[in-house]
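I opened this structure to look up its cavities, its chain-to-chain interface and a few backbone oddities. My entries follow in the order I made them.

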There are 2 protein chains.
Amino acid sequence: MIPVADNLHIMDPVVAKAIKERDPLPLKKIAEDCRKANVYAMDINLGPLKHNAKEVITFVIETIQDAFGGRLLLDSVQAEVLEAGIAACKEPPIINGFSMEETKVKSILPLAAKYQTEIIGFLINAKGLVPLRAEERLEVASQLVAKAEESGVSPARIIIDPVLVPLSWQDGTRYNHELLEVLRLLPQLFGMPIKTIAGLSNLGAGSPNRKAKAKVEMSFILMLAAAKMDLILMNVAQKSNLDTLRLSQLLLGEKVFTWQEVEDANL
Amino acid sequence: MIPVADNLHIMDPVVAKAIKERDPLPLKKIAEDCRKANVYAMDINLGPLKHNAKEVITFVIETIQDAFGGRLLLDSVQAEVLEAGIAACKEPPIINGFSMEETKVKSILPLAAKYQTEIIGFLINAKGLVPLRAEERLEVASQLVAKAEESGVSPARIIIDPVLVPLSWQDGTRYNHELLEVLRLLPQLFGMPIKTIAGLSNLGAGSPNRKAKAKVEMSFILMLAAAKMDLILMNVAQKSNLDTLRLSQLLLGEKVFTWQEVEDANL
């Protein structure tokens with residue numbers, strides 16, 4: 001499992017201020033930190049943009065893409081923001097993302113076809129809900145892949161997000177237990193392997209304290225790695241996340257195992 | 001996933017001394033600690049016994065079974081030790097265990113039929129080796145179940161141990177990565193669910209230090225729980241093991257989730 005950074009997010013006051021003031025330095029700093037963390041990609045989430053949407057996303061991408069030097073995930077529900085973002089990217093980004101909701105299928109999925117990008121497909125049904133049971137979520141996966149193929153997006157360019165939900169939800173643990181079952185069954189659903197991702201920070205929404213949230217994130221990194229998820233969207237400024245991920249890579253043979261590296265991992 | 005204690009082991013000098021001196025107190029203390037840890041069962045491993053084999057196993061079981069108050073795993077490669085142990089047990093024990101090695105099939109498996117006990121089946125082939133690849137290990141699982149049925153032991157009374165190997169082995173991480181794949185595929189192999197177990201302490205054999213070993217054990221508790229293993233044989237005197245297991249139970253909804261309990265888990 002390899003990391004994708006979720007560190008450029010409008011909910012971070014540093015990011016919000018930098019964008020408001022068009023101050024490139026804090027954004028470049030985040031991008032450089034993500035590059036140093038050896039992430040696979042970096043997510044850009046600017047929230048809903050009203051005025052100057054195109055100008056804002058273009059500013060952010062032009063500011064960070066050289067400092068980061070890798071792939072970007074454009075995280076938006078606004079097709080016009082995504083399209084402006086795609087235009088600003090030097091390398092093809094990953095669109096984050098679509099679901100079975102009608103607006104997503106109609107306005108966002110076609111962008112992946114038009115610009116030949118990868119796109120994340122959330123296991124969220126037409127009503128905007130995450131189904132509880134694995135079978136129902138796999139049904140949504142089939143629908144997503146079918147819709148994508150209709151639109152000219154091959155399954156090889158879809159990354160499935162089976163959706164981690166907040167543990168504070170009623171039945172939150174059941175939802176996430178079923179997610180592990182989705183990961184178990186997904187390889188058999190299609191005639192080919194399909195990539196997977198999930199966002200770790202959802203888990204701790206509503207958490208009363210940072211330490212408990214960190215423990216939950218560390219635990220899920222190991223559990224998701226064991227369930228063979230491909231990508232994990234997470235806060236890479238949190239060292240316990242990176243160290244735990246590194247440990248999972250050592251234990252699963254994705255990096256060369258040494259006891260010294262286990263000792264060095266600071267959990 | 002629920003714990004089975006491996007704390008009564010002849011390699012522990014306290015245990016070795018207590019048995020040599022026929023001193024019941026240290027053994028009763030271990031049994032009480034295991035009871036307090038709420039384990040599913042307790043493993044008794046006295047190593048190869050030469051003289052007084054029957055008397056020794058009888059002494060140990062009679063000493064600890066009331067203090068523990070739960071099921072015992074009788075861990076021996078000697079049929080006569082197992083048979084004496086079974087006779088001393090008030091409740092039917094679990095035999096630990098058999099494999100495709102001829103001596104195990106001929107001398108140990110029949111005890112499970114004769115005494116109608118559960119028995120652990122190691123995914124070890126007729127040559128005494130753990131196959132590397134998941135497919136080969138699943139083939140051994142099929143053979144074990146077939147042999148058991150021939151002997152009159154139903155699959156419902158077999159607990160599969162896919163065998164965690166020391167990380168210090170060449171290819172140790174690959175072996176254990178394949179073990180996760182075995183757990184993923186096993187539910188489909190038979191027409192019914194089959195229980196699973198593995199021994200955690202194998203992982204750290206050859207480890208240079210306790211802290212690194214503890215981190216590895218904690219990580220695998222989470223990874224194996226995510227892979228839906230049923231039972232984990234481990235040192236329950238190590239608090240980080242119990243706290244991590246508890247955390248996995250909270251996160252997977254096996255216990256009622258509260259953020260307070262996550263905070264309290266001392267990793």
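**Largest cavity**

I began with the lining of the largest cavity. H7 of chain A and helix H7 (172-189) of chain B each give at least two residues to this lining. I took helices (H or I, at least four residues) and strands (E, at least two) as DSSP runs, numbered from the N terminus. H7(B) makes the largest share, four residues. In total 13 residues line this cavity. Nearest its centre lie A:Arg184, A:Ala226, A:Ala227, B:Arg184 and B:Ala227. I sorted the lining by type: seven nonpolar, no polar and six charged. Here Ala, Val, Leu, Ile, Met, Phe, Trp, Tyr, Cys and Pro count as nonpolar, Asp, Glu, Lys and Arg as charged, and the others, Gly among them, as polar.

The volume came out at about 130 Å³. A cavity is a set of points on a 1 Å grid over the protein atoms alone where a 1.4 Å probe fits but cannot get out; lining residues have an atom within 4 Å of a point. Grid points are joined across faces, edges and corners, and the volume is the space filled by probe spheres set on the points.

**Ground rules**

I noted that this is a predicted model, in which local features need pLDDT of at least 70 and side-chain atom pairs count only at pLDDT 80 or more, while totals for chains, interfaces and linings use all residues. Residues are numbered from 1 along each chain as its sequence is written, chains are lettered from A and ligands numbered from 1 in the order in which they are written, and side-chain values use heavy atoms, with hydrogens and water left out.

**Other cavities**

How many cavities of 30 Å³ or more are there? I count three. The second largest has a volume of about 50 Å³. Its lining includes B:Ile44, B:Leu46, B:Asp75 and B:Val81. Strand E2 (41-45), strand E3 (71-75) and helix H4 (79-88) of chain B each supply at least two of the lining residues. The split is seven nonpolar, three polar and one charged.

**Interface of chains A and B**

Next I looked at where the chains meet. Contact (heavy atoms within 4.5 Å) involves 38 residues of chain A and 38 residues of chain B. The buried area is about 3500 Å², and carbon and sulfur atoms give 68% of that. Buried area is the accessible area (1.4 Å probe) that two parts lose on being put together, summed over both.

Which three residues of chain A bury the most? They are A:Lys215, A:Leu251 and A:Trp259, with 21% of the area that chain A buries against chain B.

I then counted 15 residue pairs in polar contact between the chains, both residues at pLDDT 80 or more. A polar contact is a pair of N or O atoms within 3.5 Å; within protein, one must be able to donate a hydrogen and the other to accept it, and residues adjacent in sequence count only if both atoms are side-chain atoms. On the chain A side, helices H7 (172-189), H8 (210-226), H9 (239-251) and H10 (259-264) each give two or more residues. H8(A) gives the largest share, nine residues. That side holds 20 nonpolar, ten polar and eight charged residues.

**Salt bridges**

My rule was a side-chain nitrogen of Lys or Arg within 4 Å of a carboxyl oxygen of Asp or Glu. The whole structure has 30. Two cross the interface. One salt bridge joins A:Lys228 to B:Glu181, with the closest N and O atoms 2.7 Å apart. Inside chain A, A:Glu118 pairs with A:Lys195 at 3.0 Å, N to O. These two are 77 residues apart, in strands E5 (residues 118-122) and E7 (residues 195-199).

**Backbone**

Most residues other than glycine have a negative phi, and most peptide bonds are trans. I logged the exceptions. A cis peptide bond joins A:Asn96 and A:Gly97, omega about -5 degrees. Another joins B:Asn96 and B:Gly97, omega about -10 degrees. A:Asp171 has a positive phi, near 65 degrees. A:Asp171 sits in the loop between strand E6 (158-161) and H7 of chain A.

Note on methods:
1 Å grid on protein atoms, 1.4 Å probe; cavity = no way out; pocket = protein on both sides within 12 Å on 5 of 7 lines; lining within 4 Å.
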